[in-house]
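Got your viewer ready? Here is a walk through the model, one selection at a time.

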Amino acid sequence: MPFSNQIVNPNKKQNITLALLLGILIPIVFMLIKELINDKVRSRVDLLNLTKIPLLGLVGKNYGGFNLISKQNPKSVVYEGFRALRSNLNSLHLNDKVFLVTSSISGEGKTFIDENLSIVFARSGKKTILIGADLRKPKMFLTFTENNDVGLSTYLSGISSKDEIIHNSKIENLDYIKSGPVPPNPAELLGRDKMKDFLRELQIEYDYVIIDSPPVFIVSD
């Protein structure tokens, strides 16, 4: 009986076809599963689809190594993002020009936002003051100075006067108030009538008041 010299196994064409299908299907399945379990907001579309939160602007990631955009190129994407945010806030035609910047948890960039939002307001010719109201984990003062000996906490405690805690930054039209030493009762200090009266005074003296606050999901301040 004659024998065929044709190769029966392995089937080269079948193996190549199977390899191509697996090479296409495995990445698709992986990306699909990854997308299904992804619970992060990565774009404007995600935010608009998942929430009813009004979107005031988008700020690009800062790769420049500087916290203050005053040290960056005025034409940078980050700078333009803050300009757009300023314009959108102005378009709201709010009677009170007091803006509190917060976040859900620590490390989301709220201090970066309020510092640079203050700068773009000041550079538009508006007298602006930035208040470090995070009395539990102060960080804003590090942008302007190394010490945090006096500030909002010492003013509310009656230790310092108003003039002692207001400092001039190196940026025209921008003043700032440090948070001061961490007090034992930050929530009680911020809830005093003295804080409300202080904000009313600043509204009279300044065009914009920007407040750096603690994260809302962590503390009750």
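**Stop one: the strand in the middle of things**

Start by selecting Ile 129 and Asp 175: Ile 129 stands opposite Asp 175, which belongs to strand 4. Bear in mind as you go that this is a predicted model.

Now widen the selection to strand 2 and strand 4 (residues 174–177): the two run parallel and are joined by four bridges. Then add strand 5 (residues 208–212), which also runs parallel to strand 2, this time with five bridges between them. To see a facing pair there, pick Leu 130, which sits opposite Ile 210 of strand 5.

Keep strand 2 on screen and switch on its side chains. In a regular strand, side chains alternate between the two faces of the sheet. Which residues of strand 2 are buried on each side? On one side you have Thr 128, Leu 130 and Gly 132, and on the other Ile 129 and Ile 131. Both faces are covered. Five of the five residues in strand 2 (residues 128–132) are buried, so the rest of the structure largely encloses this strand.

**Stop two: the pockets**

Bring up a surface. Rolling a probe the size of a water molecule over the atoms shows where empty space is left. The largest pocket comes to about 1,400 Å³. Its lining takes in 31 residues, and the ones to select for its centre are Gly 57, Val 59, Thr 102, Glu 108 and Ile 113, which lie nearest to that point. For the elements around the largest pocket, colour helix 2 (44–50), helix 3 (77–90), strand 1 (98–101) and helix 4 (110–123), each of which gives two or more residues to the lining. Helix 4 contributes the most, with four. Colour the lining by class and you get 18 nonpolar, eight polar and five charged residues.

Next, move to the second largest pocket, with about 330 Å³ of space. It is lined by 20 residues; select Ser 106, Lys 110, Thr 111, Asp 134 and Lys 139 to find those closest to its centre. Which helix gives the largest share of this lining? Helix 4 does, with four residues. The class colouring here shows six nonpolar, six polar and eight charged residues.

**Stop three: a helix with a buried face**

Select helix 8 (residues 193–205) and put a distance label on its end C-alpha atoms: they are 19 Å apart, which agrees with the 18 Å that 13 residues should span at 1.5 Å a residue. Show Met 195, Phe 198, Leu 199 and Leu 202, the buried residues of helix 8. Turn the view to look down the axis of helix 8: these buried residues fall within an arc of 100 degrees, so they line one face of the helix. Swing round to the face turned away from that buried side, and you find the exposed residues Asp 193 and Ile 204.

**Stop four: two single residues**

Go to Pro 27, which lies within helix 1 (residues 12–36). Pro 27 has a relative accessible area of 35%, so it counts as partly exposed. For a sense of distance, draw a line from its C-alpha atom to that of Thr 102: the two are 75 residues apart along the chain, and 39 Å separates the atoms.

Finish on Asn 173, in the loop between strand 3 (166–168) and strand 4. Check its backbone: phi is near 75 degrees, a positive value in a residue other than glycine. Is Asn 173 buried or partly exposed? At 30% relative accessibility, Asn 173 counts as partly exposed.

Technical notes:
Residues numbered from 1 in each chain as written. Predicted model: local features only at pLDDT ≥ 70, side-chain atom pairs only at ≥ 80, totals over all residues. Heavy atoms only, no water. 1 Å grid on protein atoms, 1.4 Å probe; cavity = no way out; pocket = protein on both sides within 12 Å on 5 of 7 lines; lining within 4 Å. Points joined across faces, edges and corners; volume = space filled by probe spheres on them. Nonpolar A, V, L, I, M, F, W, Y, C, P; charged D, E, K, R; others polar. Buried < 20%, exposed > 50% of the residue type's maximum accessible area, 1.4 Å probe, protein only. Pairing = 2+ DSSP bridges. Expected span 1.5 Å × (residues − 1). Arc of directions from axis to C-beta.
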